[in-house]
Amino acid sequence: MFNCDLHCHSTCSDGLLPAAEVARRAAANGVDMLALTDHDDVDGLAAAREVADAVGMAFVNGVEISIEWERLQIHVLGLAFDVADAPLNAGLAAIRSGRIERARRMSAELALVGVGGAFEGAMRYAANPNLISRAHFGRYLVEAGVCKDLRSVFEAYLVPGRPGYVDHRWATLGDSVRWILDAGGIAAVAHPGRYKLTRSEMRRFLGEFKDLGGQAIEVMSGSHTPEHVAVYGRLAKEYGFLASRGSDFHGPGESYVDLGQLAPLPDGLTPVWEAF
């Protein structure tokens, strides 16, 4: 099996390891091709690529763009794009702006339900303060004993309708796909099994994504169940999408699966890396 891991994170967004360490760990785990896909930021790509080149592992540029579709936050992966593309970088900078103010509002909401010091606690985990995120708040809530693990934090606090969730102005689906395509890249839907969409809503979303030029969908993800893999494998065929595979690794002991440790893509799908 050609072992591609096309979804993972470093301390440039909400991962636990620096970009170079992510690349070294991937190579040690037998990854043949890696994409680092930090949230709304490409600062880690050069360091990861340098390590990949040194150890003989193929590397493609990646990013995970935060978008809003019908009031739901969804993530779109950009793969194999020109990292110097000015409109893409301007769009990512626009998404990043306002995260600290959003974090202060999240902290205030958590204080109302008795969780104090959340802003300062979350900032301790954010190596890149401009990309402070719910994951950083989650780590603080686990540290403070509010919840036992990150999954419990998100179930109880940091999703819509729960204390601590605050809306943010993300990019649109059209924005994200246009930025990626204009930068010469491939746009892929990240971990579709995680979104709270009905069957008809998912089909409507995928139809819009395809009409805008989206080319791929993450079939094999660290957070996908076997049922998810079967469903999104069928949808990839139906919509003519390339199939992507990524662990969504954030750090040791905190991720669904380690780098390079996913099962292969199901038979009958066209891997996205064949288009690189």
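## Helix α6, the cores and the open spaces

Just after α6, Gly145 adopts a positive phi of about 80 degrees. This value, like every other one in this account, belongs to a predicted model.

The helix that precedes this glycine, α6, spans residues 134-143. Of its 10 residues, 8 are buried, so the helix is largely enclosed by the rest of the structure. The buried positions are Arg134, Ala135, His136, Phe137, Gly138, Arg139, Tyr140 and Leu141. The elements that cover them include β4, α4, α5 (118-125) and α7.

The nonpolar interior may be considered next. The largest nonpolar core comprises 73 residues, and those with the most contacts inside it are Leu6, Leu34, Ile65, Phe205 and Leu206. Strand β3, formed by residues 58-69, makes the greatest contribution to this core, with 6 residues. A second core, separate from the largest one, has 17 residues, among them Leu110, Phe137, Leu141 and Tyr157. Phe137 and Leu141 are also among the buried residues of α6. Within the largest core, Phe205 is one of the residues with the most contacts. When residues up to four places away in sequence are not counted, Phe205 touches Trp69, Ile74, Leu173, Val189 and Leu197.

Two buried histidines offer a further view of the interior. His191 lies in the loop between β5 (186-189) and α9. Its relative accessible area is 2%, and because the limit for a buried residue is under 20%, His191 counts as buried. What surrounds His191, once its neighbours within four places in sequence are left aside? The residues in contact with His191 are His7, Glu64, His75, Glu218, Ser221, Ser223, His224 and Asp248.

The other histidine, His250, is found in the segment after β7 (242-246). His250 has a relative accessibility of 13% and therefore also counts as buried. With neighbours within four places in sequence again set aside, the contacts of His250 are His9, Asp14, Gly15, Leu16, Leu17, His39, Arg139 and Ser255. Arg139, in this set of contacts, is itself a buried residue of α6.

The cysteines come next. The structure holds 0 disulfides. Cys4 takes part in none, and the nearest cysteine sulfur, that of Cys8, is 12 Å away. Cys4 counts as buried because its relative accessibility is 0%. For Cys12, the closest cysteine sulfur is again in Cys8, at 11 Å, which is too far for a bond, because a disulfide requires sulfur atoms within 2.5 Å. Cys12 has a relative accessibility of 16% and so counts as buried.

The remaining topic is empty space. Rolling a probe the size of a water molecule over the atoms shows where such space is left. The largest pocket has a volume of about 1,300 Å³. It is lined by 38 residues, of which Arg134, Phe154, Val159, Arg194 and Tyr256 are the closest to its centre. The elements that give two or more residues to this lining are β3, β4 (72-79), α4 (99-112), α6 and α7 (150-156). By class, the lining has 11 nonpolar, 13 polar and 14 charged residues. Arg134, one of the residues closest to the centre of this pocket, is among the buried residues of α6.

The second largest pocket has a volume of about 300 Å³. Of its 15 lining residues, those closest to the centre are Arg199, Met202, Val231, Tyr232 and Leu235. Helices α9 (199-212) and α10 (226-239) each supply at least two residues of the lining, and the largest share, 7 residues, comes from α10. This lining has 7 nonpolar, 3 polar and 5 charged residues.

How many cavities of 30 Å³ or more does the structure hold? The number is 1. The largest cavity has a volume of about 50 Å³, and its lining consists of Glu68, Arg71, Leu72, Gln73, Tyr165, Asp167, His168 and Trp170. By class, this lining has 3 nonpolar, 2 polar and 3 charged residues.

Notes
Residues numbered from 1 in each chain as written. Predicted model: local features only at pLDDT ≥ 70, side-chain atom pairs only at ≥ 80, totals over all residues. Heavy atoms only, no water. Core = buried A, V, L, I, M, F, W, Y, C linked by side-chain atoms within 4.5 Å. Buried < 20%, exposed > 50% of the residue type's maximum accessible area, 1.4 Å probe, protein only. Helix = DSSP H or I, 4+ residues; strand = E, 2+ residues; numbered from the N terminus. Contact = heavy atoms within 4.5 Å. 1 Å grid on protein atoms, 1.4 Å probe; cavity = no way out; pocket = protein on both sides within 12 Å on 5 of 7 lines; lining within 4 Å. Points joined across faces, edges and corners; volume = space filled by probe spheres on them. Nonpolar A, V, L, I, M, F, W, Y, C, P; charged D, E, K, R; others polar.
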